[in-house]
Amino acid sequence: MATGSSPPARQQPFKLILGSSSVARKHILEEMGLEFQVMTADIDEKSIRRENPDDLVMVLAEAKADAIMSRLNLADYQKEGNQPTLLITSDIVVVHEGIIREKPTTKEEARQFLKGYSGGHVSTVGSVVVTNLTTGKRLGSLDKAEVYFHDIPEEVIESLIDEGVVFRVAGGLLLEHPLTLPFVEAVVGSSDSVMGLSKEIANKLIHDALST
């Protein structure tokens, strides 16, 4: 069970499952003061394709929720008197010059991505889906942001690639990384959205999913 550094004063009135192994998403939920457990979907994301980034991230977040739910005994969550349990899943893609970019798979692809961002800008499209496992209610929403970069030196790009962390994030985009941060000129939108989970949207969906 992960607990935020600023836990709520009273006991959290619901249980929460984060359907992601993302360190950034865990950190965001902890910053929100939420208690949660982690389950991973383990789906083949490459097998799910959509031309429109809005459609792609929403379908992927829903597929992650469905995969996790298929491994649960949902009747256990629907017993009378049980505390409600929410499942939160999400997905994010980077869009650069109209092309959807997911996690790079080779060093050359990562290098091409990062060089393309240097002195330019990218958009991120993120989805958040909250499923109430107790009632079956599911809600989803999209969030978009833009990131503008100064010129990124080649040695910084090579260091990021050698470190390997770029292969675990959409578009190889690491806004919060100490090597990247000095070269971020501006963020239009919320930085937590760029990192993989909008706090504002997560809060709203959690609230709405709990309401009757």
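This passage looks at two pockets and at a helix that helps to line one of them in a predicted model.

A good place to begin is the largest pocket, which holds about 910 Å³ of space. Its lining is made up of 33 residues, and those nearest the pocket centre are Ser22, Arg25, Lys103, Arg168 and Val169. Helix H1 (23-31) and strand S3 (85-96) are the elements that each give two or more residues to this lining, with H1 supplying the largest share, four residues. By residue type, the lining comprises 14 nonpolar, nine polar and 10 charged residues.

The second largest pocket has a volume of about 160 Å³. Among the residues that line it are Lys46, Arg49, Leu56, Ile100, Glu109 and Phe113. Here, strand S4 (99-101) and helix H3 (107-117) are the elements that contribute two or more residues. Eight charged and four nonpolar residues form this lining, with no polar ones. Lys103 appears again here as a lining residue, having been listed as one of those nearest the centre of the largest pocket.

Helix H1 deserves a closer look. Its buried residues are Ala24, Arg25, Ile28 and Leu29. These four lie on the same side of H1, because they cover an arc of only 135° around the axis. The cover over these buried residues includes strand S1 (15-18), S3, helix H5 (191-194) and helix H6 (199-210). The two ends of the helix have details of their own. At the start of H1, a side-chain oxygen of Ser22 comes within 3.3 Å of the backbone nitrogen of Ala24. Just after H1, Gly33 adopts a positive phi of about 75°.

Definitions and conventions: Residues numbered from 1 in each chain as written. Predicted model: local features only at pLDDT ≥ 70, side-chain atom pairs only at ≥ 80, totals over all residues. Heavy atoms only, no water. 1 Å grid on protein atoms, 1.4 Å probe; cavity = no way out; pocket = protein on both sides within 12 Å on 5 of 7 lines; lining within 4 Å. Points joined across faces, edges and corners; volume = space filled by probe spheres on them. Nonpolar A, V, L, I, M, F, W, Y, C, P; charged D, E, K, R; others polar. Buried < 20%, exposed > 50% of the residue type's maximum accessible area, 1.4 Å probe, protein only. Arc of directions from axis to C-beta. Contact = heavy atoms within 4.5 Å. Polar contact = N/O pair within 3.5 Å; in protein donor to acceptor, adjacent residues only side chain to side chain.
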